[in-house]
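Please open the structure in your viewer and keep the sequence panel visible. The tour below proceeds by selection, with a short account of what is found at each stop.

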Amino acid sequence: MTNMRRILISGASIAGPALAYWLNRYGFHVTIVERAPALRRGGFGVDIRGAAITVLERMGILHHVRAADTQMTGVYFVDSIGKIKGQISEASMGNVHDVDIEVMRDDLTDILYNLTKDTIHYIWDDSITAIQQTEEGAKVQFAHSKSQTFDAVIGADGLHSNVRKLTFGDESQFKRTLGCYISVFTTSNYLNLNYCQQFYTIPGKTVGMYSAHHNTEAKGMFVFKSAPLKYDKHNPESQKQLIAETFGSDTGWETQRLLQSMKEADDFYFDEICQIHMPTWSKGCVALVGDAAYGPSPLSGQGTSLALVGAYVLAGELKSAKGNYSNAFTAYEQVMRAYVEKNQKIGLTAAEGMVASSRFKIILQDCMLRVPFIMTSMFKMITKMIVKAANGVELKDYLKSG
Ligand SMILES: Cc1cc2nc3c(=O)[nH]c(=O)nc-3n(C[C@H](O)[C@H](O)[C@H](O)COP(=O)(O)OP(=O)(O)OC[C@H]3O[C@@H](n4cnc5c(N)ncnc54)[C@H](O)[C@@H]3O)c2cc1C
């Protein structure tokens, strides 16, 4: 099991290109297959904290990512006519000022893609259909490209990972649903939001708008609580219809105008808010990284950091194991497991308070917003928990180790 050199990664978002970057730096030949025809646009701001900032620094892109910081200042809670009921500053929302970073998700994918596009072989508009593990490695069939054998296959293909399904079985075994659905899309900044977000909450539902790219545009957001829904994961039009039905009768604040913008958006993102919990992240010469293995949910604000750190550790352990993928995957889990669990806990805690389910809870939240002492103490506690979790992994210097 020496001289392992050819690695296939499924998924070109955050975990995939970050892993490819490090593997290439250690001398592996890397191919990435992505189902979409090009880099996927869209998404809200994503947070990068703690150990993940060290990873960006070691990749030499920290300055680029910092330059793309959203510079958001906070969240305003509004009522049905847009009157501000309360505010939370960005600094009190778990972000450590001048240390943590928030970037639009697609700004980060652009940076990672530009870093890797000349050295990594990207295959777009394709997907793995079968992985057969043999003595020679993993024989992979694709929907369109011709079959090839790789020494290892890594699934970096998100919450609904295809590699996970092909290797470990149905997603239902690993998914922990948090009872909410989220949709995000680009719209114009017609409210002239100035580096801030506005949220309007009604029982079981939140509508939001977020200024983006230095106020030149905005992101609309719909979040709602629901029992598990059956819908076509690859059909954005039917997902838009589902949101339109859920929010169609709500006339407060900007709901109707945002529903209209959503219909026209070409970067519409919709997903269930859930976590992935697996007893192990590898089987033979196949392993998982990022959301595919341990998605903590957008509510944790830690999905991107886990993906960056996971990619760094997995590549480093593959280098250190000198071709013994089984040793590498075991070491990867040993380094990452406790860190992942701490960060997943943040998502579970946040889920409890994300969308108030009753009028009573909304009134309670409104009262709390009017008592700065309660808000400050609560967010101090949350920030402490996030800082601890975000730094809860020791990063070896794999470039120095033999
Ligand atoms: C379009 C989009 C918008 C998002 N918006 C937000 C947001 O607003 N807030 C937030 O917290 N998180 C968001 N996320 C999730 C966030 O990017 C991840 O939680 C985190 O960054 C970890 O990234 P990842 O690379 O592990 O997974 P992901 O970012 O989910 O990337 C998975 C990639 O795999 C690709 N893929 C899926 N199936 C296949 C297949 N069969 N074959 C090949 N490729 C496949 C996907 O197209 C995608 O490019 C979004 C993800 C996407 C794809």
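**A guided tour of the model**

Begin by selecting residues 196-202, strand β13, and residues 205-212, strand β14, which pair in the antiparallel sense over six bridges. Two strands are said to pair if DSSP finds at least two bridges between them. Helices (H or I, at least four residues) and strands (E, at least two) are DSSP runs, numbered from the N terminus. Within this pair, display F199, whose bridge partner in β14 is G208.

Two notes on the model apply throughout. Residues are numbered from 1 along each chain as its sequence is written. This is a predicted model: local features need pLDDT of at least 70, side-chain atom pairs count only at pLDDT 80 or more, and totals for chains, interfaces and linings use all residues.

**The seven-stranded sheet**

Extend the selection to the open sheet of seven strands, which has the order β5-β4-β13-β14-β15-β12-β16 and mixed pairing. In general, strands of a sheet pair through backbone hydrogen bonds, either parallel or antiparallel. β5 (84-89) and β16 stand at the edges with a single partner strand each, so one side of each has no neighbour in the sheet. Neighbouring strands of this sheet are turned by 20 degrees against each other on average, direction ignored. For such angles, axes are lines fitted to C-alpha atoms, for helices over the stretch in contact, and angles run from 0 to 180 degrees between N-to-C directions.

Next, select helix α6 (residues 236-247), which packs on the sheet and touches β12, β14, β15 (217-225) and β16. The direction of α6 makes about 70 degrees with that of β15. Two residues are in contact if their C-beta atoms, placed from the backbone, lie within 7 Å. Add helix α7 (residues 255-264), which lies across β12, β14 and β15 and runs at about 85 degrees to β12.

Is strand β16 (residues 269-276) largely enclosed by the rest of the structure, or is it open? Six of its eight residues are buried, so β16 is largely enclosed. A residue is buried if 20 or more other C-beta atoms lie within 10 Å of its own, exposed if 12 or fewer, and partly exposed in between, with C-beta atoms placed from the backbone. Strand β12 (residues 175-187) pairs with β16 in the antiparallel sense over eight bridges; here K175 stands opposite I276.

**The three-stranded sheet**

Move to the open sheet of three strands, ordered β8-β9-β10 with antiparallel pairing. Its edge strands are β8 and β10 (148-150), each of which pairs on one side only. On average, neighbouring strands of this sheet are turned by 30 degrees against each other, direction ignored. Select residues 128-134 (β8) and 137-142 (β9), which are joined over six bridges and form a hairpin with two residues between them. Two bridge partnerships can be displayed: T134 with G137, and Q132 with K139.

**The ligand shell**

Select the ligand and the 31 residues that surround it; the closest are S13, G43, G158, G290 and G303. A residue counts as near if its C-beta atom, placed from the backbone, lies within 6 Å. The elements giving two or more residues to this shell are α1 (15-25), α8 (291-294) and α9 (303-320). The largest share, three residues, comes from α9.

**A last stop at V393**

Finally, select V393, in the segment after α12 (372-390). V393 is buried, with 24 other C-beta atoms within 10 Å. Leaving aside neighbours within four places in sequence, V393 is in contact with A51, V309, V335, M336 and Y339. V393 and V335 are 58 residues apart in sequence and 7.1 Å apart in space, C-alpha to C-alpha.
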